[in-house]
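Visitor: I am new to this structure, and I would love a close look at a single part of it. Please walk me through one spot, step by step, and then show me what lies beyond it.

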Amino acid sequence: MKGKIQPYLDLISQNHNYRRLWLAQIISNFGDWFGILAVYAIIQQYSGSELLLGLIIVVKMLSLASFSPIAGYITDRFSRRRLMIWCDIIRGIIVLGFIFITSESLLWLAYVLIAIQMAFSAIFEPAKTSSIPNVTTSAELVNANILSAASWSIIFTSGMAVGGFATEWLGTDLVFLINGLTYIFSSWFIYKADIPQKMMSAEEKHRTRNPLYGIQDGIRYLRNNKNVLRPTLAKGSFTMCIGALVYMLIIVAEDVLMMGSIGLGILYAARGIGTGLGPVVGRRVLKSESTWVRGMGFFMIFAGLMYAFVSYSELLFWMGLFVMLAHMASGSNWVMSTVLVQRRAPDQYRGRVFSLEWLLFTLAQSVSVTVAALILEFGILSLRETMALFSGLLVVSGIFWLFKIAPAEEKEQREQKMENEAVSS
């Protein structure tokens with residue numbers, strides 16, 4: 001056991017800059033997941049509407065999507081370290097505004113605040129992900145991403161579980177205060193880190209001085225580099241269905257389990273455990289990076305089948321187990337696609353590539369949650385039928401990926417291998 005975790009312990013103990021970036025992630029992520037249940041709680045307290053609950057998730061995702069293109073341009077053009085520090089400080093102030101929501105007439109403020117918070121998250125996330133290759137060696141990169149995913153899942157699990165109880169016992173105001181403080185602590189660790197960055201040349205800065213042209217330049221790069229485009233599409237293809245399924249867990253906790261925030265905390269904890277375990281298991285099953293793109297199709301099919309079982313489960317134990325298994329596949333998909341993009345995209349384009357990935361991811365999630373919320377709000381299908389529908393669509397997406405995306409990846413790998421052999425001979 002010690003031998004299996006030793007590479008991760010060595011990475012944390014020996015790589016000081018990665019450790020500080022990692023600690024910042026842990027602290028801010030805990031605040032995020034600790035606080036989001038409090039946001040859900042005030043929506044349910046003052047409205048009780050599935051549509052308004054789904055809308056807060058849609059606003060969150062659309063805000064990320066709306067700011068992602070310009071965020072990528074900013075993170076490639078300016079110091080990512082400074083951007084992350086300021087994003088943390090501003091988000092720490094913003095979340096305190098949720099305390100002022102004390103009636104149904106002030107619910108609109110929740111949507112405004114979440115939109116602003118996510119606008120700065122749209123800058124922070126690609127800046128952080130783009131920085132990981134700059135504070136690690138090539139040999140450390142996969143372990144760094146697995147550790148980040150595992151840490152995210154542990155913090156997600158503990159943040160959700162603790163957040164569910166804290167929301168019930170401490171009240172939402174104290175939860176939002178703690179959430180704000182976590183961002184401030186996160187900014188301090190980033191401030192202490194040295195994060196190298198290959199900046200744009202003077203010629204590149206001049207050429208892309210118009211933000212619209214800079215964004216178009218990033219899109220053009222993706223279009224012309226299919227080996228980067230394919231893993232960039234992986235997260236969006238996955239969340240196109242699983243986003244709605246995760247949203248419906250909120251309603252499952254309320255209407256099926258009848259356990260409110262505590263039930264949701266447990267289901268989301270199962271999700272977090274799966275996300276952490278998945279990349280470790282996935283890496284052992286798919287040892288060669290050349291098989292990762294094909295593996296993403298199998299992950300989609302497996303996750304769809306697991307959520308189909310969730311839709312017909314009655315007991316919390318079985319729901320939690322199937323949710324965990326589904327998100328083991330999701331976590332593997334996330335880490336593998338991230339590592340491939342980090343390896344394949346040059347530093348000067350990495351921020352724009354990851355921001356465009358976020359754009360696709362958030363748009364796909366927003367559409368899926370909106371469709372699911374409308375189906376439930378107007379009684380077109382029952383909760384279980386809607387979950388079964390999106391589970392089936394996820395399986396279909398995986399099949400499409402296996403027969404369309406994976407063969408294109410493998411064809412390019414064969415052509416590259418033949419080209420390398422021709423050059424060497």
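**A close look around one aromatic side chain**

Guide: Let's start with Phe361, which is buried because its relative accessible area is 12%, under the 20% cut-off for that label. Please keep in mind that this is a predicted model, and that every value I quote is computed from it.

Phe361 has a ring partner, and to introduce it I will begin with the wider set. The structure holds nine aromatic pairs. In one of them, Trp334 and Trp358 meet edge-to-face, with 6.2 Å from centre to centre and 75° between the planes. This pair joins distant parts of the chain: Trp334 belongs to helix H13 (residues 316-344) and Trp358 to helix H14 (residues 347-377), 24 residues apart. The two partners differ in their cover. Trp334 has a relative accessible area of 33%, so it counts as partly exposed, whereas Trp358, at 16%, is buried.

Now back to our starting point. Trp358 also pairs with Phe361: the ring centres are 5.4 Å apart and the planes lie at 85°, so this pair is edge-to-face too. An angle over 60 degrees is what earns that name. What separates Trp358 and Phe361 along helix H14? They are three residues apart, which means about one helical turn. In general, an α-helix has 3.6 residues a turn, so residues three or four places apart point the same way.

Trp334 has another neighbour to show you. The charged end of Lys235 sits over the ring of Trp334, 4.8 Å from the ring centre. A similar arrangement can be found elsewhere, where the charged end of Arg91 sits over the ring of Phe124 at 4.5 Å from its centre. Ring pairs also tie Phe309, Phe317, Trp318 and Phe322 together into a cluster.

Let's step back to the helix that holds Phe361. H14 has 31 residues, which at 1.5 Å a residue should span 45 Å, and its end C-alpha atoms are indeed 45 Å apart, so the two values agree. H14 is also mostly covered, as 24 of its 31 residues are buried. After H14 comes Gly379, with a positive phi near 65°.

Finally, here is some of the surrounding interior. The largest nonpolar core has 117 residues, and Phe98, Tyr247, Met248 and Tyr307 have the most contacts inside it. Leaving aside residues up to four places away in sequence, Tyr307 touches several others, including Ile242, Leu245, Val323, His327 and Met387. There is a second, separate core of 11 residues, and among its members are Tyr349, Phe354, Leu356 and Leu359.

For a contrast with the helices, try a loop. Thr136 lies between helix H5 (108-131) and helix H6 (141-169). With a relative accessibility of 11%, Thr136 counts as buried. Its side chain reaches the backbone oxygen of Ile132 at 2.8 Å. Beyond residues up to four places away in sequence, Thr136 touches Asn15, Tyr18, Leu141 and Ala144.

Terms used. Residues numbered from 1 in each chain as written. Predicted model: local features only at pLDDT ≥ 70, side-chain atom pairs only at ≥ 80, totals over all residues. Heavy atoms only, no water. Phe/Tyr/Trp six-rings, centres within 6.5 Å; stacked < 30°, edge-to-face > 60°. Helix = DSSP H or I, 4+ residues; strand = E, 2+ residues; numbered from the N terminus. Buried < 20%, exposed > 50% of the residue type's maximum accessible area, 1.4 Å probe, protein only. Lys NZ or Arg CZ within 6 Å of the ring centre and 35° of its normal. Expected span 1.5 Å × (residues − 1). Polar contact = N/O pair within 3.5 Å; in protein donor to acceptor, adjacent residues only side chain to side chain. Contact = heavy atoms within 4.5 Å. Core = buried A, V, L, I, M, F, W, Y, C linked by side-chain atoms within 4.5 Å.
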